[in-house]
Amino acid sequence: MTLPYYVPPEQLIKDRADFARKGIARGRSIVVLEYADGILLMGGNTSRSLHKLGEIYDRIAFAGVGRFNEFETLRVAGIRYADLKGYSYNRTDVSAKGLANAYSQTVGQIFTHEVKPYEIEVLVAEVGDDPDDNRLYHVRFDGTLHDARRFAAMGGHDERLAERLDVGYRDGMDLAETIRLAADALEHVEEREIAADGWEAAVLDRTLERRKFRRLGADEIAAARSEGRSEA
Amino acid sequence: MTGEGGGIVPSALPLEHVHPGASFSALLEGRGIAPRWVVGEGTADLTLAEATTVLSMRYADGVVMAGDRRATAGNVIAHKRVKKVYPADRFSAVAISGTAGMALEMIRLFQTELEHYEKIEDMRLSLEGKANYLARMVRNNLALAFQGLVVIPLFCGYDETDRVGRLYTFDVVGGRYEEQDYATTGSGGAEARSFLKAKWVEGMAEDAVLELAVEALVAAAEEDAATGGVDLKRGILPTVVTVSDAGYVEIPDERIAEIAERVLEGRP
């Protein structure tokens, strides 16, 4: 009988984390920012049909970075989770916190138990009636769960993005201003210009009726950005 | 009801995948939603339990749908302000006749199903697709229909590709029929239908069609005891909605009260 090599648990976890981190760093980043009327989610995306942002429930949106098929599985599972819960109880009983916890459990389980950890990070955003009731939950590849305030960044350049957003961010910005801040920060860290149709952006807008999620078109993004240029 | 996912709340993330292979019927079987006709005991008359009048018709911008507010249990008026017309999604509306409790649950499941599909696929079902799905829900209810628990919906919506309004009626076995100009269901449906037959014309404007909808309901309530009339004093007014390019819009009570007042004045 051959004895298996002994691998210390610290090493095992580190190897897995390095592997996941590398995978995530290859993909584009996403930023999520609170603004006066809600929450903006934005990132570069060359595909028009393979979305990184999605609607989960009335007030809840999803954003994923890393491997598409892996976060897509989580997005679909999240919609199932929310719809089952809302159908069984009431629509107001579906919360981002419950969903973020479920994501955290699942991703954590996969990180330690599966052959290959997920190379993804996801963010669950919930818009409240009042800005104080907004919620941003960030789930990392190993299942760790943070709640962010005001803004969050994920993907390859998350730390540099966060630094840049921290400098430019003010409470109570309007949507156009927030789009400009997000787009400039993303272009800066990725060191390239992104055309108006190279973005994927969506908002959770608290002024909308029941379903607060709305995708932003290329024209809307272009208009917001050119507005800033003419002012300057 | 299809019973799909009914009441099973996930404690962890529902990560299950369906592997139906290439067979569509295997997919339906796997999910337990394959059509089945299980005939139960009992011999209730299928035409009895539809105490209601709901109607729908096309107009210039799309479709209008309206329903009375009365729910009956035998010869007792059980509820005076029941809502029978609901949004199915942004571009369609559904109204119910028949056993109220079951019908309301069917609508809730239907709404959830449409939204679920829209979120997962990132596109809405076609109007025809929505009508077909609703037909399947009615068909799954056939066994209970034989016990007298009948649910017959009326469905209408704005076709986003052809940019026209469309109407669908259903029968108890899940037959789905597209109607041309107007459609009604419920115990007062026949009366409302003959009223619409006399007055409906192609391309009506919104004001005219709303008035026609209210007047048809008033006419039905005059002939059918199970259909509630307009009660301006207590503020019991029919539900009237429009579905057009602008989506599902519920007409506010003040506007319906105004129309109803005019209609009642003009009645012979």
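In this predicted model, helices α2 and α3 of chain B meet through a set of side-by-side residues: Met106(B), Leu109(B), Phe110(B), Glu113(B) and Leu114(B) in α2(B) touch Lys130(B), Tyr133(B), Leu134(B), Met137(B) and Val138(B) in α3(B). Sort the residues of this contact by type and you get eight nonpolar, no polar and two charged. The axes of α2(B) and α3(B) come within 11 Å and cross at roughly 145 degrees, and the crossing is right-handed.

**The sheet under α2 and α3**

Both helices also sit against a sheet. That sheet is open and has five strands in the order β5-β6-β7-β8-β9 (chain B), with antiparallel pairing. Strands β5 (85-89) and β9 (176-179) of chain B are at the edges with a single partner strand each, so one side of each has no neighbour in the sheet. On average, neighbouring strands here are turned by 25 degrees against each other, direction ignored.

Inside this sheet, β6 (residues 92-98) and β7 (residues 151-159) of chain B run antiparallel and are joined by seven bridges. If you want one pair to click on, Ser97(B) has Ile152(B) in β7(B) as its bridge partner. As for the helices, α3 (residues 127-139) of chain B packs on the sheet and touches β5, β6, β7, β8 (164-170) and β9 of chain B; the direction of α3(B) makes about 175 degrees with that of β7(B). Helix α2 (residues 100-121) of chain B lies across β5, β6 and β7 of chain B, and runs at about 25 degrees to β5(B).

**The other sheet**

Chain B has another open sheet of five strands, ordered β10-β1-β2-β11-β12 (chain B), again with antiparallel pairing. Here the edge strands are β10 (182-185) and β12 of chain B, each pairing on one side only. Neighbouring strands in this sheet are turned by 15 degrees against each other on average, direction ignored. Helix α5 (residues 189-199) of chain B packs on the sheet, touching β1 (54-59) and β10 of chain B, and its direction makes about 160 degrees with that of β10(B).

At the β12 edge, strands β11 (residues 239-244) and β12 (residues 247-250) of chain B pair in the antiparallel sense over four bridges. They form a hairpin with two residues between them. Thr242(B) has Val249(B) in β12(B) as its bridge partner.

Helix α6 of chain B belongs in this picture too: α6(B) lies across β1, β2 (62-67) and β11 of chain B, running at about 160 degrees to β1(B).

**Where α6 meets α7**

Now for the other helix pair. Helix α6(B) and helix α7 (residues 253-266) of chain B pack at an angle of about 65 degrees, with their axes 9 Å apart, and α6(B) passes α7(B) in a right-handed crossing. The α6(B) side brings Glu206(B), Asp207(B), Leu210(B), Glu211(B), Val214(B), Glu215(B) and Val218(B). These meet Arg255(B), Ile256(B), Ile259(B), Ala260(B), Arg262(B), Val263(B) and Leu264(B) in α7(B). By type, the residues of this contact come out as eight nonpolar, no polar and six charged.

Here are the two helix pairs set out together:

| Helix pair | Angle | Axes | Residue types in the contact |
|---|---|---|---|
| α2(B) and α3(B) | roughly 145 degrees | within 11 Å | eight nonpolar, no polar, two charged |
| α6(B) and α7(B) | about 65 degrees | 9 Å apart | eight nonpolar, no polar, six charged |

**A closer look at Val218**

Val218(B) sits in helix α6 (residues 206-223) of chain B. Is Val218(B) buried or exposed? Val218(B) counts as buried because its relative accessible area is 5%, and the cut-off for buried is under 20%. Leaving aside neighbours within four places in sequence, Val218(B) is in contact with Val230(B), Val263(B), Leu264(B) and Arg267(B). Val218(B) and Ala260(B) are 42 residues apart in sequence, yet 8.6 Å apart in space, C-alpha to C-alpha.

**Chain B overall**

Stepping back, chain B has seven helices and twelve strands. Of its 268 residues, 50% count as buried. Among contacts in chain B with a separation of 6 or more, 67% are between residues 24 or more positions apart. Chain B exposes about 12,600 Å², and carbon and sulfur atoms supply 52% of that area.

Definitions and conventions
Residues are numbered from 1 along each chain as its sequence is written. Chains are lettered from A and ligands numbered from 1 in the order in which they are written. This is a predicted model: local features need pLDDT of at least 70, side-chain atom pairs count only at pLDDT 80 or more; totals for chains, interfaces and linings use all residues. Side-chain values use heavy atoms; hydrogens and water are left out. Buried means under 20% relative accessible area, exposed over 50%, partly exposed in between (1.4 Å probe, protein chains only). Contact means heavy atoms within 4.5 Å. Axes are lines fitted to C-alpha atoms, for helices over the stretch in contact, and angles run from 0 to 180 degrees between N-to-C directions. A crossing is left-handed if the near helix is turned anticlockwise from the far one by less than a right angle, and right-handed if clockwise. Ala, Val, Leu, Ile, Met, Phe, Trp, Tyr, Cys and Pro count as nonpolar, Asp, Glu, Lys and Arg as charged, and the others, Gly among them, as polar. Two strands pair if DSSP finds at least two bridges between them. Accessible areas come from the Shrake-Rupley method with a 1.4 Å probe; for residues, only the protein chains shown count as cover.
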